[in-house]
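Biologist: I should like to go through the assignments made for this structure one by one. For each, please set the value against the criterion and then conclude.

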Amino acid sequence: MMWWVISLSRAYELTGKVDYLANSKAGFVHVWNGSYDPNNRGMFWDFNHSGKNACINYPTVIAAMKLYKITGDVAYLNKAKSIYQWSKENLFQQSTGRVADNFVNNKQGFSDYTYNQGTCIGAAVAFTKKLKTNRI
């Protein structure tokens, strides 16, 4: 769903149609409220909280940074920072650069999927862009 949120925010940037932005923000809130783990941080893969996967955590960072860029609302930036830090600690293998597909029962599960690598890179790039503009 966060990929949908990202797409809607991009549609807003391209068209200026406020419905796209409203739906992007509403989608973000829906997923955040149903998936964020307030006790241990990170985003659960599903609303049943069965585990935490790279393909929800890194896109959450990208979506939050996109919405921060559009709205200037620091709450999005803070959420992006929190999820990025959790992901770096739990999904990223520093020694190899490998991205775990999931983190279940306090253990990394490795399956190599290009979209996990790509969204990890995309999340890092989202922060790099902000650093260059001195907004972080």
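Biologist: Where does His 49 lie, and what makes its phi notable?

Modeller: In this predicted model, His 49 belongs to the loop between α2 and β1. Its phi is near 60°, a positive value in a residue other than glycine. Most residues other than glycine have a negative phi.

Biologist: Why is His 49 called partly exposed?

Modeller: The relative accessible area of His 49 is 37%. Partly exposed is the class between the 20% limit for buried and the 50% limit for exposed, and therefore His 49 with 37% is placed there.

Biologist: Which class does Asn 105 fall into at 75% relative accessibility, and where is Asn 105 placed?

Modeller: Exposed begins over 50%, so Asn 105 at 75% counts as exposed. Asn 105 sits in the loop between β4 and β5, and it has a positive phi of about 55° although it is not a glycine.

Biologist: How do you know which strands are the edge strands of the sheet?

Modeller: The open sheet has 3 strands in the order β1-β4-β5, with antiparallel pairing. β1 (52-53) and β5 (107-109) each pair on one side only, and these are the edge strands.

Biologist: What makes β4 and β5 a pair?

Modeller: At least two bridges are required, and 3 bridges join β4 to β5, which run antiparallel. Phe 103 has Gln 108 in β5 as its bridge partner.

Biologist: Why is the pair of Trp 86 and Phe 103 called edge-to-face?

Modeller: A search of the whole structure finds 7 aromatic pairs. For one pair, Phe 28 and Tyr 76, the ring centres are 5.4 Å apart and the planes stand at 80°. The limits are 6.5 Å for the centres and over 60 degrees for the planes, so this pair is edge-to-face. Phe 28 is in helix α2 (residues 18-35) and Tyr 76 in helix α4 (residues 74-90), 48 residues apart. The pair you ask about, Trp 86 and Phe 103, has centres 5.7 Å apart and planes at 90°, so it is edge-to-face by the criterion just given. Trp 86 lies in helix α4 and Phe 103 in strand β4 (residues 102-104), so this pair ties together parts 17 residues apart in sequence.

Biologist: Are these aromatic residues buried or exposed?

Modeller: Buried means under 20%. Phe 28 at 1% therefore counts as buried, and so does Tyr 76 at 8%. Both Trp 86 and Phe 103 are buried.

Biologist: Which residues form an aromatic cluster?

Modeller: Phe 28, Trp 32, Tyr 36 and Tyr 76 form one such cluster.

Biologist: How do you know that Lys 52 lies over the face of Phe 44?

Modeller: The distance from Lys 52 to the ring centre of Phe 44 is 4.9 Å, and the limit is 6 Å, together with an angle within 35 degrees of the ring normal. Lys 52 is assigned to the face of Phe 44.

Biologist: What makes Glu 13 and Lys 66 a salt bridge?

Modeller: Their closest N and O atoms are 2.8 Å apart, and the limit is 4 Å. Glu 13 is in helix α1 and Lys 66 in helix α3 (residues 54-71), 53 residues apart. The structure holds 5 salt bridges; another one joins Glu 13 to Lys 69 at 3.5 Å, N to O. Glu 13, Lys 66 and Lys 69 are thus linked in a network of salt bridges.

Biologist: Why is Lys 66 called buried, and which class does Glu 13 fall into?

Modeller: Lys 66 has a relative accessible area of 17%, and the limit for buried is under 20%, so Lys 66 is buried. Glu 13 has 33% and is therefore partly exposed. Lys 69, with 45%, is also partly exposed.

Biologist: How far apart are the closest N and O atoms of Glu 89 and Arg 41?

Modeller: They are 2.6 Å apart, and the two residues form a salt bridge. Glu 89 lies in helix α4 and Arg 41 in the loop between α2 and β1, so the pair ties together parts 48 residues apart in sequence.

Terms used
Residues numbered from 1 in each chain as written. Predicted model: local features only at pLDDT ≥ 70, side-chain atom pairs only at ≥ 80, totals over all residues. Heavy atoms only, no water. Phe/Tyr/Trp six-rings, centres within 6.5 Å; stacked < 30°, edge-to-face > 60°. Helix = DSSP H or I, 4+ residues; strand = E, 2+ residues; numbered from the N terminus. Buried < 20%, exposed > 50% of the residue type's maximum accessible area, 1.4 Å probe, protein only. Salt bridge = Lys/Arg side-chain N within 4 Å of Asp/Glu carboxyl O.
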